[in-house]
Amino acid sequence: MTPEQPPRLPPVAARATRRGLLRAGAALAASGALPLRALAQEPASAFPSHPVRMVIPLPPGGATDVIGRLLGQKLGELWRQSVIVDNKPGAGTIVGTQAIARAPADGYTFGIVISAFTINPSLRNDLPYDATKDFTPLSLLGFPVIALVAIPSFPANDVAGLIAKARARPGSVSYASLGIGTATHLAGEMMNVRAETGMVHIPYNGSAPAYNDLLSGRVQVGFVLLDSALPHVKAGKLKVLAVTNAKRSRIYPDYPTVGETIPGYSLESLFGFVAPRGLPAPIAAKLSGDLVKVIQLPEVRQRLAELSVEPVGSSASEFEATIRSEIVKWAPVVKAAGVKAD
């Protein structure tokens, strides 16, 4: 043995040393001092090798949940791995979105974001994450149609009638939304500002609890996703007064837009997918590419159209640009409405 050569350990001692190093590395990873992916980076070609978690920041049963499960099913078929849907509602989608931000950046947790993701930065000063820095954008799924609905006994059948009733007795009309900071919330506040309706906001954590109160008549009107309302409309339990999008829905052109009564009024929502910040580029590209693949499937596009969603399936960079532009777009709307959720 020369002076430059270290002494060779006996086989048993060498194995013990390797075990010690692995235990030390695992302990560092568990403590957060060393990212787990630093120990062994899974190649993108092998991803995913075990079940993946999709976080949905709203309760089960609503339109967002239905769409998430549809995409999860198709991704599972593509990957031959289970996609486990994890509903985490609360605080205007903040609870679920924070869960995405805090997950390991290994690709095995990603989730849905809706317009609240780009509204909340203007609405709240206490966000536990930064929408532009703490996430890896993956793809813009598309734009859903938001509808203004009312219970059958509500005396107005259109936006003009709603405005007249609300102005006649300020504070007498309450409207349901899918949560503070969602596009459905701002849809009502924008109407209050532009038409001086003085409606009272009643927020819910998603579609299912909102419909519980709408269908029972405890709330008279609501801003909801059109798709989730249609079964109740067909059953005669709700009626559609208008849609908030800039143009009439291509699938349901008979429903007027709010802007046809209130000039300049238009409001659109969005669905997209993000992962935690720091996702390795090859895994991010694989996730983004596979999401686009399933969004572009003819049967998925048809189902999304049936769900009143205009499908997109953008690249990651395009979605990142959309996120930034939407944050800028919502800021003056929130300011004009005088809404703060802190």
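Visitor: Is Glu77 buried, partly exposed or exposed?
Guide: This is a predicted model, and the accessibility is computed from it. Glu77 has 47% relative accessibility. Exposed would need over 50%, and buried would need under 20%. So Glu77 counts as partly exposed.

Visitor: Which side chain meets Glu77 in a salt bridge?
Guide: The partner lies in helix 3, residues 63-79, as does Glu77. The two are three residues apart, about one turn of the helix. The N to O distance is 3.7 Å, and the partner is Lys74.

Visitor: Does Lys74 count as buried or exposed?
Guide: Lys74 has 15% relative accessibility. The cut-off for buried is under 20%. Lys74 therefore counts as buried.

Visitor: How many residues apart in sequence are the parts that Asp134 and Arg277 tie together?
Guide: The side chains of Asp134 and Arg277 meet in a salt bridge, 3.5 Å from N to O. Asp134 sits in the loop between helix 5 and strand 4. Arg277 sits in the loop between strand 10 and helix 10 (281-295). So the pair ties together parts whose separation in sequence, in residues, is 143.

Visitor: Which residue forms a salt bridge with Arg303?
Guide: Arg303 is partly exposed, with a relative accessible area of 33%. Its partner lies three residues apart from it in helix 11 (residues 298-306), so about one helical turn separates them. The closest N and O atoms are 3.3 Å apart, and the partner is Glu306.

Visitor: In what order do the six strands of the open sheet run?
Guide: The pairing in this sheet is mixed. Strand 2 (83-87) and strand 11 (309-311) are the edge strands, each pairing on one side only. From one strand to the next, the twist averages 30 degrees. The order is 2-1-3-10-4-11.

Visitor: Which residue in strand 11 stands opposite Pro144?
Guide: Strand 4 covers residues 135-144. Strand 4 and strand 11 pair in the antiparallel sense, over three bridges. Across from Pro144, in strand 11, stands Val309.

Visitor: What angle does the direction of helix 12 make with that of strand 4?
Guide: Helix 12 (residues 316-337) packs on the sheet. There it touches strand 3 (109-114), strand 4 and strand 10 (271-276). Its direction and that of strand 4 make an angle of about 75 degrees.

Visitor: How far does helix 12 reach from its first C-alpha to its last?
Guide: Helix 12 has 22 residues. At 1.5 Å a residue, 32 Å is expected. The model comes close to that, with a reach of 31 Å.

Visitor: Which residue follows helix 12?
Guide: Buried residues of helix 12 include Phe319, Trp330 and Ala337. Among the elements covering its buried residues are helix 5 (116-123) and helix 7 (183-195). The residue after the helix has a positive phi, near 65 degrees, and is Gly338.

Visitor: How many residues has the largest nonpolar core?
Guide: Phe110, Leu162 and Met191 have the most contacts inside this core. Met191 touches Leu148, Val159, Leu162 and Phe223, among others. A second, separate core of 15 residues includes Ile94, Phe135, Leu140 and Phe319. The size of the largest core, in residues, is 88.

Methods
Residues are numbered from 1 along each chain as its sequence is written. This is a predicted model: local features need pLDDT of at least 70, side-chain atom pairs count only at pLDDT 80 or more; totals for chains, interfaces and linings use all residues. Side-chain values use heavy atoms; hydrogens and water are left out. Two strands pair if DSSP finds at least two bridges between them. Helices (H or I, at least four residues) and strands (E, at least two) are DSSP runs, numbered from the N terminus. Axes are lines fitted to C-alpha atoms, for helices over the stretch in contact, and angles run from 0 to 180 degrees between N-to-C directions. Contact means heavy atoms within 4.5 Å. The expected span of a helix is 1.5 Å times one less than its number of residues. Buried means under 20% relative accessible area, exposed over 50%, partly exposed in between (1.4 Å probe, protein chains only). A salt bridge is a side-chain nitrogen of Lys or Arg within 4 Å of a carboxyl oxygen of Asp or Glu. A nonpolar core is a set of buried Ala, Val, Leu, Ile, Met, Phe, Trp, Tyr and Cys residues joined through side-chain atoms within 4.5 Å. Lists of a residue's contacts leave out its neighbours within four places in sequence.
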